[in-house]
Amino acid sequence: MTNLPFGPAERLAALEAMTRQPLDLLVIGGGITGCGLARDAALRGLAVGLVEKVDFAYGTSSRSSKLVHGGVRYLAYGDVGLVRESAHERKVLGRIAPHLVHPLPFLFPLFRGDSAAKFRVGFSMFDKLAGSTRQERHRVLKANEIRERAPALRDPLTGGFEFTEYITDDARLTLENALSAAGHGALVANHAAVTSLLVEDGRLVGAHVRDELDGATRDVRAAVVVNATGPWAEETVGRGRSPAPKHVLLSKGVHLLFHADRLPVRDAVALKSPAGREGFAIRRWSYVYVGTSDVAHEGQLEQPVADQAAIKDVLRMTQDCFPSLGLTEADVVATWAGLRPLIAEEGKAPRDTSRHDEVWRSPEGLLSIVGGKLTTYRRMAERVMEHVGTELGRDLGDSHLTAEVLLPGAELGGRDFATFRDATAATFSARGVPAAAVERITWLYGAGADELLRLGESDPTWLQPLAPGSAAVRGEVRLAVEQAMALTLADILDRRTGLLLFSDDHGLAAAPAAAAIAGGLLGWSDAEVTAQLDAYRHRARGAALPDTG
Ligand SMILES: Cc1cc2nc3c(=O)[nH]c(=O)nc-3n(C[C@H](O)[C@H](O)[C@H](O)COP(=O)(O)OP(=O)(O)OC[C@H]3O[C@@H](n4cnc5c(N)ncnc54)[C@H](O)[C@@H]3O)c2cc1C
């Protein structure tokens, strides 16, 4: 199933096939929720189509904190159900995507005045609910052990705990669900927007889909339509003429990225400033990101960027937690902002609003899945499928296959991930690929790294960096286009390679080479190459500090 062609030709074929044959299910939205749902439906044998108006993970699903987490925080809200479900899901994802769900030891420091006993009870309870393994179970640490791993943490540190979370690449996890869905028969297309819903005799019968690349419009008919558009959920409900039954509360979360040598944190640490502001710092490769804000958002939905107030707020917390480092705005390498699509609760601030999900049904029959988390997407799909079964009047079975079938990058030919990673890293290094690129590639692609090596065998230039010092190699662009449906430079540099957020220059030095390779494969004219580069430069400004862009 790995390395199926999933490029422009497959996209067009999927759109045409959707028009020809009525579907059982049309999914609107290619974030984690929509891609996970399409995969579930395909694995149950339904005729399913998915359309995404820009690109897989274009919305919140590439702008999260990138944690597959057990939800220890939800214990404080007494949300035992969510803890159980999240903890169960991280086990499942560790099984079906070990190449994308990496263990992350998390420090929880205590300061003078904190009650160690209270937190100990909390962590013990969490371990029990989560069914933590011996390696995952919390440990008590002395102040000097915490200091060793987060040397610049503020005083008066008295000790703390270590517990285990998991870090992922949210955009890749989303894409691999789309790939898996397509591999099991789903018709999947990005850059295809639903512009209106088709309602006949008061009943929803499909959607009007516009190809955002050539402007062509198509009617896609489906027995059931699911709105999985996250922050756009209310807007999409409105396209079926009825208002949404509840409001979506958008909460904006902002992250700041630093070099790990400016903000030394070995793995991850929960932060609490003397003023009580809470957050976290997470190591990824040679960077550490800090998050996050949780503030109601009322502005536009497209490509939200970190605003000055949120940047100041997160930076202030970082400064207060690591006072000796003298961090300033000049140390911020990149920023990103995402919108949490929460279900509004009367009188509750965003931070206190539950992360649970709900399925709404409009009078015309549109099903909308709203709320939720990256971690629990598979269970969300399962809940939606119950409603789909009701609409279809069919028993669709259960979703055990989504917990058993590996995601494409996890097909490692029987090798465990650590063995695969070490062997693959050694091969890349032997072929002269720089260490930073090797670390990135083996962390991100799983089995896809083998495909890159095969390209390198056919022509070693595919293993050359996109630009001097770039942590991405030329072959990644080719695979993004041919096997991951990347159709624009932003698709490639933001959501396939991750250079937009995780590189010192937002991938700008790599952009011309990437545009040349992609342009060659996609038939871009010179004018199109220039337009793609201009659009990408604009995008990169959004990932910089606003006043440095
Ligand atoms: C700051 C922040 C941090 C977070 N951290 C975590 C975390 O660490 N762990 C965790 O588990 N969860 C986390 N979450 C939550 C998680 O990221 C979201 O719940 C999840 O990504 C939402 O996915 P989605 O698919 O519902 O929405 P989205 O990812 O936004 O996807 C919706 C898609 O619908 C498409 N769309 C919209 N309108 C149309 C249309 N008319 N036609 C076709 N397509 C359309 C959009 O382009 C978009 O791609 C975080 C959220 C935020 C904001």
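Two strands count as a pair if DSSP finds at least two bridges between them. Keep that in mind as we walk through this structure, which is a predicted model.

**A strand with neighbours on either list**

Let's start with β18, a strand that covers residues 367-371. How many bridges join β17 to β18? There are five, and the two strands run antiparallel. That clears the cut-off of at least two bridges, so β17 (residues 357-361) and β18 are a pair. If you want one bridge to look for, find E358, whose partner in β18 is V370. The two strands also make a hairpin, with five residues between them. In that turn sits G365, with a positive phi of about 110°.

β18 has another partner as well: strand β10, residues 217-227. Here two bridges do the joining, and the strands run parallel. N227 is the residue to click on, as its bridge partner in β18 is S368. Is β18 mostly covered or mostly open? Mostly covered: five of its five residues are buried.

**Another covered strand**

Now turn to β2, made of residues 48-51. Both of its faces are covered. On one side you have V48 and L50, on the other G49 and V51, and all of these are buried. Strand β1 (residues 23-28) is joined to β2 by four bridges, and the two run parallel. Within this pair, L26 stands opposite G49.

**Around the ligand**

Next, the ligand. The shell around the ligand holds 37 residues, and those that come nearest are T33, E52, S61, L67 and T375. Sorted by class, the shell has 13 nonpolar, 18 polar and six charged residues.

Some protein atoms sit a short listed distance from a ligand oxygen atom. Here they are together:

| Residue | Protein atom | Distance to a ligand oxygen atom |
|---|---|---|
| T60 | backbone N or O | 2.9 Å |
| L374 | polar backbone atom | 3.1 Å |
| T375 | side-chain N or O | 2.6 Å |

How much of the ligand does the protein cover? On its own the ligand has 1,000 Å² of accessible area, and the protein covers 97% of it. Which elements give two or more residues to the shell? They are α2 (32-43), β8 (192-200), β11 (248-259) and β16 (334-343).

**A helix to measure by eye**

Helix α4 runs through residues 80-96, which makes 17 residues. From its first C-alpha to its last it reaches 25 Å, close to the 24 Å expected at 1.5 Å a residue. Plenty of names turn up on its buried list, including L82, V83, A87, V92, L93 and I96. Charged names are there too: E85, E89 and R90 are among the buried residues of α4.

**Odd spots in the backbone**

Now for some backbone quirks. The peptide bond from D155 to P156 is cis, with omega near -5°. You'll find P156 in the loop between α6 (143-149) and β6 (157-167). Another cis peptide bond joins G291 and T292, where omega is about -10°. T292 belongs to the loop between β14 (287-291) and β15 (295-296).

Two residues have a positive phi without being glycine. One is Q303, with a phi of about 40°, in the loop between β15 and α9 (308-321). The other is M485, at about 55°, in the loop between α15 (474-483) and α16 (489-496). Why does Q303 count as partly exposed? Because its relative accessibility is 33%, and partly exposed runs between the cut-offs of 20% and 50%. M485 has a relative accessibility of 0%, so M485 counts as buried.

**Two more buried residues**

S132 lies in the loop between α5 (116-130) and β5 (139-141). Its relative accessible area is 8%, so S132 is buried. The side chain of S132 makes a polar contact with the side chain of D127, at 2.9 Å.

Finally, look at R496 in helix α16. With 4% relative accessibility, R496 counts as buried. How far is R496 from R172 in sequence and in space? They are 324 residues apart along the sequence, yet their C-alpha atoms are 6.9 Å apart.

Note on methods:
Residues are numbered from 1 along each chain as its sequence is written. This is a predicted model: local features need pLDDT of at least 70, side-chain atom pairs count only at pLDDT 80 or more; totals for chains, interfaces and linings use all residues. Side-chain values use heavy atoms; hydrogens and water are left out. A residue is near a molecule or strand if one of its heavy atoms lies within 4 Å of it. A polar contact is a pair of N or O atoms within 3.5 Å; within protein, one must be able to donate a hydrogen and the other to accept it, and residues adjacent in sequence count only if both atoms are side-chain atoms. Accessible areas come from the Shrake-Rupley method with a 1.4 Å probe; for residues, only the protein chains shown count as cover. Ala, Val, Leu, Ile, Met, Phe, Trp, Tyr, Cys and Pro count as nonpolar, Asp, Glu, Lys and Arg as charged, and the others, Gly among them, as polar. The expected span of a helix is 1.5 Å times one less than its number of residues. Buried means under 20% relative accessible area, exposed over 50%, partly exposed in between (1.4 Å probe, protein chains only).
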